[in-house]
Amino acid sequence: AGVFLIFGDSEFGMPTFTLLSGIVVYFVIREVYDKQQLETLFSIRDSKEALRMIALIIVLDLFVLLPINVAVKILVFPDAEQQEVITMFEDASDTSIAILAFTVAILTPIAEELLFRGFILGMLMRRYSDVQAIVISSLIFAIAHEPIAMSMAFGGGLLYGWVRVKTGSVLPGMIAHAIWNGFVTFIVILY
């Protein structure tokens, strides 16, 4: 919140907050995990398998989660406005659009994956089964989003959590999340 006091509504508030949040979570993770766990968390053992999982996540995002999210929006939030971030693009200058696009497509997936799949899911896996931990962390991830995006965030959380558990790494989820956010950002900018 202090970042927004410094930058206000300027184009630097959101990227600075997102970057600083990601850095803080990274250092918390470094304190919580041992060296071997950190290595696993930030590496990809089987790149072909990771690429297949990333492709599967993108296909499921596009052909399963997106239609479900649209249906939920129509049925539950028929009068809802666009997500706030989409409105931010509409009101932004060219420079602000570039900064916002970088934040949404790159910084946000890194920070969110560190927090939700690196830290929160990791802590939940210490106490609960993998499935329970994935579902709980996905619910938390959904609650952190605007109501009209919650179903998409919950489904994404399930997918990113699954790939984190399957690979032990946050990197495939970060990549899939960045591809998805980049795709949506591209569509929003063109629209």
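Helices here are DSSP runs of H or I, at least four residues in length, and they are numbered from the N terminus. Asn69 belongs to one of them, helix α4. The model is a predicted one, and the tour starts from this residue.

**First selection: Asn69 and Ile68**

Please select Asn69 in α4. Is this residue buried or exposed? Its relative accessible area is 12%, and a residue counts as buried under 20%; Asn69 is therefore buried. With its neighbours within four places in sequence set aside, Asn69 contacts Ile148, Ala149, Ser151 and Met152.

Next, select Ile68, which also lies in helix α4. Ile68 is partly exposed, at a relative accessible area of 44%. To relate Ile68 to a distant part of the chain, add Ile187: the two are 119 residues apart along the chain, and their C-alpha atoms are separated by 18 Å.

**Second selection: helices α4 and α8**

Display residues 47–76 as α4 and residues 150–167 as α8. The axes of these helices come within 8 Å and cross at roughly 160°. Angles over 145 degrees count as roughly antiparallel, so α4 is roughly antiparallel to α8. The crossing of α4 with α8 is right-handed.

To see the contact itself, show side chains on both helices. On the α4 side, the residues involved are Glu49, Met53, Leu56, Ile57, Leu60, Asp61, Leu65, Leu66, Ile68, Asn69 and Val72. On the α8 side, they are Ser151, Met152, Gly155, Gly156, Leu159, Tyr160, Trp162, Val163, Lys166 and Thr167. Coloured by residue class, this contact comprises 13 nonpolar, 5 polar and 3 charged residues.

**Third selection: the nonpolar cores**

Which residues make up the largest nonpolar core? It consists of 10 residues: Met53, Ile54, Ile57, Leu65, Met152, Leu159, Tyr160, Val163, Ala176 and Trp180. At least two residues of this core come from each of α4, α8 and α9, the last spanning 171–190.

Centre the view on Met53, one of the residues of that core. Apart from residues up to four places away in sequence, Met53 touches Trp162, Val163, Lys166 and Thr167. A second, separate core holds 9 residues, including Ile120, Leu121, Ala133 and Ala142.

**Fourth selection: Ser137**

Select Ser137, which is found in helix α7, residues 130–143. Ser137 is buried, with a relative accessible area of 0%. Excluding residues up to four places away in sequence, Ser137 touches Phe116, Ile120, Leu121 and Leu124. Of these contacts, Ile120 and Leu121 are named above as members of the second core. Leu115 may be added for a distance check: Ser137 and Leu115 are 22 residues apart in sequence and 9.9 Å apart in space, C-alpha to C-alpha.

**Fifth selection: helices α6 and α9**

Finally, display residues 94–127 as α6, together with α9. How do these helices pack, and at what angle? Their axes are 9 Å apart, and the angle is about 150°. That angle makes α6 roughly antiparallel to α9, and their crossing is right-handed.

In α6, the residues at the contact are Ile97, Ala101, Val104, Ala105, Thr108, Pro109, Ile110, Glu112, Glu113, Leu114 and Arg117. In α9, they are Gly173, Met174, His177, Ala178, Asn181, Gly182, Thr185 and Ile189. By class, the contact of α6 with α9 has 10 nonpolar, 6 polar and 3 charged residues.

Technical notes
Residues numbered from 1 in each chain as written. Predicted model: local features only at pLDDT ≥ 70, side-chain atom pairs only at ≥ 80, totals over all residues. Heavy atoms only, no water. Axes fitted to C-alpha atoms, helices over the stretch in contact; angles between N-to-C directions. Parallel < 35°, antiparallel > 145°, perpendicular 65-115°, else oblique. Left-handed = near helix turned anticlockwise from the far one by under 90°. Contact = heavy atoms within 4.5 Å. Nonpolar A, V, L, I, M, F, W, Y, C, P; charged D, E, K, R; others polar. Core = buried A, V, L, I, M, F, W, Y, C linked by side-chain atoms within 4.5 Å. Buried < 20%, exposed > 50% of the residue type's maximum accessible area, 1.4 Å probe, protein only.
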